[in-house]
Structure formats: structure tokens, C-alpha cells
Amino acid sequence: MGNSDQSIVPEHSLDRDCTTLSRHVLQQFSSFTAEAQDISAIMSRIALAAKLISRRLSRAGLMAGALGFTGETNVQGESVKKMDIYANEVFISVFKQSGLVCRLASEEMDKPYYIPENCPIGRYTLLYDPIDGSSNVDINLNVGSIFSLRQQQGDDLNGEAKDLLQNGDGQIAAGYILYGPSTVLVYSLGKGVHSFILDPSLGEFILADENITIPEHGPVYSVNEGNYWQWEESIREYIRYVHRHDGYTSRYSGALVGDFHRILMQGGVFLYPGTVKKPEGKLRLLYESAPLAFLAEQAGGKASTGKERLLDFIPEKLHQRTPLAIGSVEDVELVESFIKDWARRTSEAAAKETISSNS
Ligand code: FDP
């Protein structure tokens, strides 16, 4: 006993089974600093939230009152689902009395939720989208949760959380949970992107993939083509390009986390462009686009608003929206090239128009 040569289980397989999320987080710090322990504890709480949400989703169809709409609308003016509220409260609940996180800011809440009793110790803010892809919830399709961790700056005494209006490079950690056939947690602390699968028999997230990299190019473009006539011409031109060229295929599930996960693993591009009426698009920068952009870059991919690096974009308000093109470097750059080219042609045409009307 104790000699690995005599073991009936290959050593690497046991090692992997024992690589839980909290152990992995600690391994990424060179020593057991207070920061390392805080981040590991925060990730464990996020994992607990994921397990609670996953458990409820797996039984929701059998439970009275778990599915459907609440009848309320959220700060974005969208109809709220019961699962949105449940998942939002789960995140609050797991961080109460944790001593870890001072503020929670979520897509479902007008203003951040303050936990003053945590503040003397915890100096972090967790931003999250509790249930992303809500239109999938009632029909048992994939949904997700997205999170982003930032250091609180200043005391935020007036409760306006202005320090959160910064670019995405200040994220300490970001990730998502995909509630699919298995529950997958993907995260980055700025040292690569790693995925974990929930083993229900252990109740633990176990390492699945380390240092995930997005292929330089992939065949998939993922976009809601139902918006075709609402987009600017540049996006329509891009779509016509992929329709006419071999090697492209479309996949769109209506849930960002699942669609992004496919791109992360297999390459390609996910797009949620602005429309003529809503140039800022639909996705929320702080709760959705910025955390995923952080992961994309960490995996060697790219994320853009179409005009600039997404992580450079500074929001003016907490619930700011931005257009998003995210995924493989070559595919995101192709989308950007159509936008740039269209802008150039439009401004040249406008200049010609001015000249001819002046002459
Ligand atoms: P949902 O509103 O269902 O929560 O961010 C919201 C989001 O879903 C994304 O998950 C998804 O990619 C997108 O909106 C779907 O929007 P469309 O229905 O307009 O395609």
C-alpha cells in the first residue's frame, strides 16, 4: 500500500478526481496568502450557488411555482421569470455573512445589494447575471450564470457604485456556469481558462480542462439572424459573406453562455450586434460581455464591440449595453473589417455629398 506501482487506479486519474475547484484556485497562487484564501473562498461560494441553481433547474418541471413569469419587469424592462429571482437570491444568500464580498451587482437589481457586515473584511464586488438565456428555462434547454469579481475602490458611501464604471481589465476573476447535460463551471483568474464539471455523486466541481485555447478560426457563426433587417448594412454584408463562402455553419441557442461555450471549445464567432434603433445592442457589459471577453482573451481569442477592444470600453452606467463580437481572433477580425469598411465607405459618400452640394 502507498506504492503507486501496486495501485489499481492510475495515479493521474485519482489526481484529477481530487482536483476540485477550490484546490485549483489555490494552486494558481504561489503561496497561501490572504488574497489566495479569499479568492478560493469566493469561488467556493460561487460553486455553491451553481449547485443550488443546478439542483433547482433539474427538478423545476416537477415543482409547483418554479417556472414561468413573476408578472414583474426588471430594470431593463424585461419580463422577469421565477428562476431569475430564485437564482438572484441564491447568489445573495451564499454571500451573506461570508465576510468576503461587500456588494453584489446583478442584472436583475436596479442598484447593488450592499452587505455592510462584510465590508470591514471583504473588499470585493461580485457582478453577475444569475440566469442568462431565460427564454430557454421553461422548455428545459441550456441556460447559464455569468460572474465577474472586482476589487471595491473607495468606500462608495453614497451607494452609487461609481467605481464599477471602469474598463474590463480590472476584473480579478470571471467565469460562467453552463447548466446543460452536465453542469460546467469555467473560470479565469487571469492565468488561463479552466473548466470543471459538477460530479453530482461527490457534490464537487472536478477539473475537466486546463488552459483552454480558442482555435484561431472556427466554422461557427452564432447570431440571431431574425434581426437581419434591423442591423446596419455592415453586419448584413458580413452575414452575406459567410452565406456565400464554404466552411461556415450557423449555431444559435438563444442563450449566450451555451453559445459562447461552443465557440470557446471549437472556435468561431458569437455576435450580438447593435441595431439601427438600438445601436448599443442587447447584452449588458458588466454582467455579460466583459466577463466573457476576459475569458476569451485569456484563451487566446478576441472580444470586440465591433469598433474597439471590448475590455477597453468604459461604461457610463451600471446597466450599460454594448454590441459584442467574441471568439476566434480571425473570425472577430473579419466582423470588425466589415464594420470598418462600411464606416469608411459611408464617410466617403457623405464627404462627396457635401462637396457636390457646396459646388
Ligand atoms: P435572455 O434575454 O433570454 O436572457 O442576455 C440575454 C440573452 O438571453 C442572451 O443569453 C442571449 O444570447 C440573448 O439574450 C438572446 O436574445 P435574442 O432572443 O434577441 O436572440
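This passage describes the ligand site, helix 7 and two loop residues of a predicted model.

The ligand makes a natural starting point. The ligand occupies the largest pocket of the model. The residues around the ligand number 15, and those that come nearest are Asp 132, Asn 224, Tyr 252, Tyr 272 and Glu 288. Both side-chain and backbone atoms of the protein approach oxygen atoms of the ligand. From Asp 132, a polar side-chain atom lies 2.9 Å from a ligand oxygen. From Leu 256, a polar backbone atom is found 2.9 Å from an oxygen atom of the ligand. The ligand on its own would expose 470 Å², of which the protein buries 84%. A backbone N or O atom of Ser 135 is also placed 3.2 Å from a ligand oxygen.

Glu 288, one of the residues that come nearest to the ligand, leads on to helix 7, where it is among the buried residues. How many residues of helix 7 are buried? The count is 12 of 14, so the helix is largely enclosed by the rest of the structure. Besides Glu 288, the buried set includes Leu 285, Leu 286, Tyr 287, Pro 291, Phe 294 and Leu 295. Just after the helix, Gly 300 adopts a positive phi of about 85°.

Ala 299 belongs to the loop that runs between helix 7 (285–298) and strand 14 (302–304). Is this residue buried or exposed? Its relative accessibility is 2%, which falls under the 20% cut-off, and Ala 299 therefore counts as buried. With neighbours within four places in sequence left aside, the residues in contact with Ala 299 are Val 193, Ile 212, Thr 213, Ile 214 and Leu 264. Gln 320, by comparison, is 21 residues from Ala 299 in sequence, and the two C-alpha atoms are 25 Å apart in space.

A second loop residue, Gln 152, is worth a look as well. Gln 152 lies between strand 6 (143–151) and strand 7 (171–179), and it counts as buried because its relative accessibility is 7%. What does the side chain of Gln 152 reach at 3.2 Å? The partner is the backbone oxygen of Gly 154. The side chains of Gln 152 and Arg 103 are also joined, by a polar contact of 3.4 Å. Arg 103 appears again among the contacts of Gln 152 beyond four places in sequence, together with Cys 102, Arg 123, Tyr 124, Thr 125 and Asp 163.

Conventions
Residues are numbered from 1 along each chain as its sequence is written. This is a predicted model: local features need pLDDT of at least 70, side-chain atom pairs count only at pLDDT 80 or more; totals for chains, interfaces and linings use all residues. Side-chain values use heavy atoms; hydrogens and water are left out. Helices (H or I, at least four residues) and strands (E, at least two) are DSSP runs, numbered from the N terminus. Buried means under 20% relative accessible area, exposed over 50%, partly exposed in between (1.4 Å probe, protein chains only). Contact means heavy atoms within 4.5 Å. A residue is near a molecule or strand if one of its heavy atoms lies within 4 Å of it. A polar contact is a pair of N or O atoms within 3.5 Å; within protein, one must be able to donate a hydrogen and the other to accept it, and residues adjacent in sequence count only if both atoms are side-chain atoms. Accessible areas come from the Shrake-Rupley method with a 1.4 Å probe; for residues, only the protein chains shown count as cover. On a 1 Å grid over the protein atoms alone, a cavity is a set of points where a 1.4 Å probe fits but cannot get out, and a pocket is an open set with protein on both sides within 12 Å along at least five of seven lines; lining residues have an atom within 4 Å of a point. A molecule sits in a cavity or pocket if more than half of its atoms lie within 2 Å of its grid points.
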